[in-house]
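I opened this structure to note where confidence is lowest and highest, and then to follow a few elements and their contacts. My entries are below, in the order in which I looked things up.

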Amino acid sequence: PLGDLIAEPSGLQVRADGLVGAVIVGRSEQARAATAGAITLASSWLVPGLGALPDAQHDLWILNTSAEQVTVTYAALNANGTDRSGKVAVTAGSLRRISLPVGEASGIFVQATAPITVGASMRMGPAVAYLAPVPLPED
């Protein structure tokens, strides 16, 4: 397991000449969670499901596997439209965690200047859950 080699949160790009499946597993002494790895890169992503646990700590994970820095804009979405937003730079070949104050948001819209991979997680006490971001089609 990768967790035996790397102690901190990390991003990993998997390439193969055949079909493979990648699974992300988070574990601690008290909790475990798993989700399928993202199968694509995209410049726009939608992260649904944040409103399910509004009191949880929500993290957005941006993986930039390109050789160039990327600018990422994110916006919390609610019934009235966009609520809060932010902009960050993600250096080439790196993973960036963004802690999100969710409040009334039911989702997050993510837009980048180049294709990226997006992940999201929620933590509450010892429990952790991974969300399944959706890559949006390019125009």
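Entry on confidence. I began with how far this predicted model can be trusted: confidence in the protein is lowest in strand β1 (residues 23–27), with a mean of 65, and highest in β3, at 93. Over the protein I noted an average pLDDT of 80, with 73% of the residues scoring at least 70. I keep in mind that where pLDDT is low, the predicted coordinates should not be read in detail.

Entry on β3. I then turned to strand β3, residues 42–48, and asked how many of its residues are buried. I found that 5 of the 7 are buried, so the strand is largely enclosed by the rest of the structure. Looking for its pairing partners, I found that β3 runs antiparallel to strand β8 (residues 107–124) over 6 bridges, where Pro48 has Gly107 as its bridge partner. I also found β3 paired in the antiparallel sense with strand β10 (residues 134–135) over 2 bridges, with Leu46 bridged to Val134.

Entry on Asp59. I next looked up Asp59, which sits in strand β4, residues 57–64, and asked whether it is buried or exposed. Its relative accessibility is 1%, and because the cut-off for buried is under 20%, I record Asp59 as buried. I then checked what its side chain meets, and found a polar contact of 2.7 Å with the side chain of Arg123. Leaving aside residues up to four places away in sequence, I listed Arg97, Ile98, Ser99, Gly119, Ala120, Ser121 and Arg123 as the residues that Asp59 touches.

How values were computed:
Residues numbered from 1 in each chain as written. Heavy atoms only, no water. Helix = DSSP H or I, 4+ residues; strand = E, 2+ residues; numbered from the N terminus. Buried < 20%, exposed > 50% of the residue type's maximum accessible area, 1.4 Å probe, protein only. Polar contact = N/O pair within 3.5 Å; in protein donor to acceptor, adjacent residues only side chain to side chain. Contact = heavy atoms within 4.5 Å. Pairing = 2+ DSSP bridges. pLDDT = per-residue confidence, 0-100.
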